[in-house]
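User: I am a first-year student. Please take a close look at one part of this model and connect it to what surrounds it. Short sentences would help me.

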Amino acid sequence: MNKIKLLAATFALTAIAPLVSAEVSVTGTLTSDYVFRGVSQTDSSPAIQASLDYEHESGFFAGVWASNVDFEDDANAEIDFYAGYFGEINDTFSYDVMYNYYTYQGYSSADDSDYGEFLFNAYINSFTLGLGYASDYVNTGDSAQYISAAYDIELPKEYALTLQAGYTMGDAFDDAEYIDYSATVAKTFFDFDFTAAVINTDIDDADNADFRFVLGVSRTF
């Protein structure tokens, strides 16, 4: 599905549910580095990011997210379109299922790395377990999978700590599968969400995937 058709389908779905039962929000983020699954997407440089999100009381949600990127193939922006469903089984267990379509803008050639990924998350008390599956990773014809686990810890004075680890694998990463891990401290001041994270991977000899310290601030309206 091309970008225009996907975007049209996403917002057509949002029109199904009455707005009186829905919430629309906009989030802006500044970060010292855009890191995705342990790998910098901005060549270890800052990023400006924004999202528009729609959430319905039924559990349906959809949105669009954008960030600057810096790749060797001249892509300079990433725009993602997503839609999914959030559900609760009980007070202990909840989940969400989402389809995310990643698009990359600014190529100087006919190269096209856009691709889609299904994402599944299970929330069990303070634990989050995740699975991502892309059948055509970055338009290579090869599949990729990502599994992750995270644990949230409440700290004094309303600070929060998240410990996370993930594993990237699949045919697209043949002989290059890797682990990423991070620890993130978060705190809200005057409606601004601040984060400080240490992030690393087990990838050898890669400047964009080595140990790094990342600061971020965001605000949702």
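Analyst: Start with the second largest pocket. Three strands, β3 (39-40), β8 (115-124) and β10 (144-154), each supply at least two residues of its lining. With 3 residues, β10 gives the most to that lining. Keep in mind that this is a predicted model.

Now the space itself. The second largest pocket holds about 750 Å³. It is lined by 31 residues, and those closest to its centre are Val39, Gln41, Phe71, Tyr137 and Asn208. Sort the lining by residue class and you get 18 nonpolar, 7 charged and 6 polar residues. How can empty space be found in a set of atoms? A probe the size of a water molecule is rolled over the atoms, and this shows where space is left empty.

Next, follow the strands. Two of the lining strands, β8 and β10, can be linked through β9. Strand β9 covers residues 127-134. On one side, β8 pairs with β9 in the antiparallel sense, over 7 bridges. One pair there is Ile124 with Phe127 of β9. Only a short turn is needed: β8 and β9 form a hairpin with 2 residues between them. In that turn, Asn125 has a positive phi of about 55°. Strand β9 also pairs with β10, again in the antiparallel sense, over 8 bridges. Leu129 has Ala149 in β10 as its bridge partner.

What are the two faces of β9 like? One is covered and made of Thr128, Gly130, Gly132 and Ala134. The other is uncovered and made of Phe127, Leu129, Leu131 and Tyr133. Read the numbers along the strand and you can see the two sets alternate. Phe127 and Leu129, met above as bridge partners, both sit on the uncovered face.

Compare another strand, β5 (residues 60-68). Of its 9 residues, 7 are buried, so β5 is largely enclosed by the rest of the structure. Look at the strands paired with it. Strand β4 (residues 47-56) runs antiparallel to β5, joined by 7 bridges. There, Tyr54 stands opposite Ala62 of β5. The two strands form a hairpin with 3 residues between them. Gly59, in the turn, has a positive phi of about 110°. Strand β6 (residues 77-88) is also antiparallel to β5, and 9 bridges join them. Gly63 stands opposite Tyr82 in β6.

Phe60 lies in β5 too. Is Phe60 buried or exposed? Its relative accessibility is 19%, and the cut-off for buried is under 20%, so Phe60 counts as buried. Phe60 and Asp96 are 36 residues apart along the chain, and their C-alpha atoms are separated by 9.5 Å.

Strand β11 (residues 160-169) gives another buried case: Thr168. Thr168 counts as buried because its relative accessibility is 5%. What does Thr168 touch, beyond its neighbours within four places in sequence? The contacts are Gln145, Tyr146, Phe173, Glu177 and Tyr178.

Now turn to a loop. Between β12 (178-189) and β13 (192-201) lies a loop that holds Phe190. Asp191 has its place in the loop between β12 and β13 as well. Phe190 has a relative accessibility of 76%, so it counts as exposed. Asp191, at 53%, counts as exposed too, because the cut-off is over 50%. The backbone here deserves a second look. Most residues other than glycine have a negative phi. Phe190, though, has a positive phi, near 50°. Asp191 has a positive phi as well, near 70°.

Finally, step back to the whole protein. Its secondary structure comes to 14 strands and 1 helix. Of its 221 residues, 38% count as buried. Take the contacts between residues at least 6 apart in sequence: 42% of them join residues at least 24 apart. The protein exposes about 12600 Å², and carbon and sulfur atoms supply 59% of that area.

Definitions and conventions
Residues are numbered from 1 along each chain as its sequence is written. This is a predicted model: local features need pLDDT of at least 70, side-chain atom pairs count only at pLDDT 80 or more; totals for chains, interfaces and linings use all residues. Side-chain values use heavy atoms; hydrogens and water are left out. Buried means under 20% relative accessible area, exposed over 50%, partly exposed in between (1.4 Å probe, protein chains only). Helices (H or I, at least four residues) and strands (E, at least two) are DSSP runs, numbered from the N terminus. Two strands pair if DSSP finds at least two bridges between them. Contact means heavy atoms within 4.5 Å. Accessible areas come from the Shrake-Rupley method with a 1.4 Å probe; for residues, only the protein chains shown count as cover. On a 1 Å grid over the protein atoms alone, a cavity is a set of points where a 1.4 Å probe fits but cannot get out, and a pocket is an open set with protein on both sides within 12 Å along at least five of seven lines; lining residues have an atom within 4 Å of a point. Grid points are joined across faces, edges and corners, and a volume is the space filled by probe spheres set on the points. Ala, Val, Leu, Ile, Met, Phe, Trp, Tyr, Cys and Pro count as nonpolar, Asp, Glu, Lys and Arg as charged, and the others, Gly among them, as polar.
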